[in-house]
Amino acid sequence: MPGDILKKRKIAVLGSRSVGKSSLVIQFTENQFIESYYPTIENSFTKSISYKGVDYDCEIMDTAGQVCIRDEYSILNSKHAIGIHGFVLVYSVTSRNSFDMIQIIYDKIINFCGMKEIPCVIVGSKIDLSQRSSRQVQATEVEDLAKANRAAWIETSAKNNVNVAKVFELCLAEIERKTPTKAEPQASRCLVM
Ligand SMILES: Nc1nc2c(ncn2[C@@H]2O[C@H](COP(=O)(O)OP(=O)(O)OP(=O)(O)O)[C@@H](O)[C@H]2O)c(=O)[nH]1
């Protein structure tokens, strides 16, 4: 049915290693939090999300953590950009380095796709740890970063299930907002040459 095709959305979750990308996605799709750390290679999850009365069939791609700022190729490959409707960029509020990576990853996606802007939510994870004076990134900083890149932002705790569903609602909102017409977003505007 053509209507079904229109509602499919593909979301990529990117960010530094160990910031909580898998935990965010697993809390959202499976309602559980895993305390142990298992580095991700690549994982795909599906979930229906109801947003503004419309059901979206979402595929959420959990990626391997980006390791090194100078390693151009560790940051992105075509799988993380082609056919993706929206991006969730995750840093940990307890890690300044992971926050610094966000602009780098954002710029990589923009360059890779040849677009001026992308539907994107910047996520500050692990706020349950920020009480213990281990916060390294303030909310005002991510607010400024999001404003500069015309992105949405939010702080979350996968552990306590705080704002987890909101991340994906915001991402759908960004996808709809940055889609110029009422037609299907052009998810494949990135071309492989
Ligand atoms: N306290 C707390 N710990 C968290 C939270 N989210 C994730 N963690 C922990 O942080 C560690 C890394 O979490 P992952 O979800 O595996 O991180 P990741 O970004 O997917 O890691 P890579 O696969 O290496 O990219 C794990 O030990 C998690 O239990 C959170 O909201 N609060």
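Reader: In this predicted model, which residues of α4 are buried?

Author: The model is a predicted one, and a residue counts as buried if 20 or more other C-beta atoms lie within 10 Å of its own. In α4 the residues that are buried are S98, F99, M101, I102, I105, Y106 and I109.

Reader: What distance separates the end C-alpha atoms of helix α4, and what span should its 18 residues have?

Author: Helix α4 covers residues 96-113, and at 1.5 Å a residue its 18 residues should span 26 Å. The value computed from the model agrees with this expectation, since the end C-alpha atoms of α4 are 27 Å apart.

Reader: Which strands does α4 touch where it packs on the sheet, and what angle does its direction make with that of β4?

Author: The sheet is an open one of six strands with mixed pairing, in the order β2-β3-β1-β4-β5-β6. Within it, β4 and strand β5 (residues 120-125) pair in the parallel sense over six bridges. Packing on this sheet, α4 touches β1 (8-15), β4 and β5, and its direction makes with that of β4 an angle of about 160°.

Reader: Is A81 buried or exposed?

Author: A81 lies in the loop between α3 (72-75) and β4 (86-92). Around A81 there are 24 other C-beta atoms within 10 Å, and because a residue needs 20 or more of them to count as buried, the word for A81 is buried.

Reader: Which helix gives the most residues to the shell around the ligand?

Author: The residues of this shell divide into seven nonpolar, nine polar and six charged, and those that come nearest to the ligand are G20, S22, S23, T40 and G65. The helix that gives the most to the shell, with three residues, is α2.

Definitions and conventions:
Residues are numbered from 1 along each chain as its sequence is written. This is a predicted model: local features need pLDDT of at least 70, side-chain atom pairs count only at pLDDT 80 or more; totals for chains, interfaces and linings use all residues. Helices (H or I, at least four residues) and strands (E, at least two) are DSSP runs, numbered from the N terminus. A residue is buried if 20 or more other C-beta atoms lie within 10 Å of its own, exposed if 12 or fewer, and partly exposed in between; C-beta atoms are placed from the backbone. The expected span of a helix is 1.5 Å times one less than its number of residues. A residue is near a molecule or strand if its C-beta atom, placed from the backbone, lies within 6 Å of it. Ala, Val, Leu, Ile, Met, Phe, Trp, Tyr, Cys and Pro count as nonpolar, Asp, Glu, Lys and Arg as charged, and the others, Gly among them, as polar. Two strands pair if DSSP finds at least two bridges between them. Two residues are in contact if their C-beta atoms, placed from the backbone, lie within 7 Å. Axes are lines fitted to C-alpha atoms, for helices over the stretch in contact, and angles run from 0 to 180 degrees between N-to-C directions.
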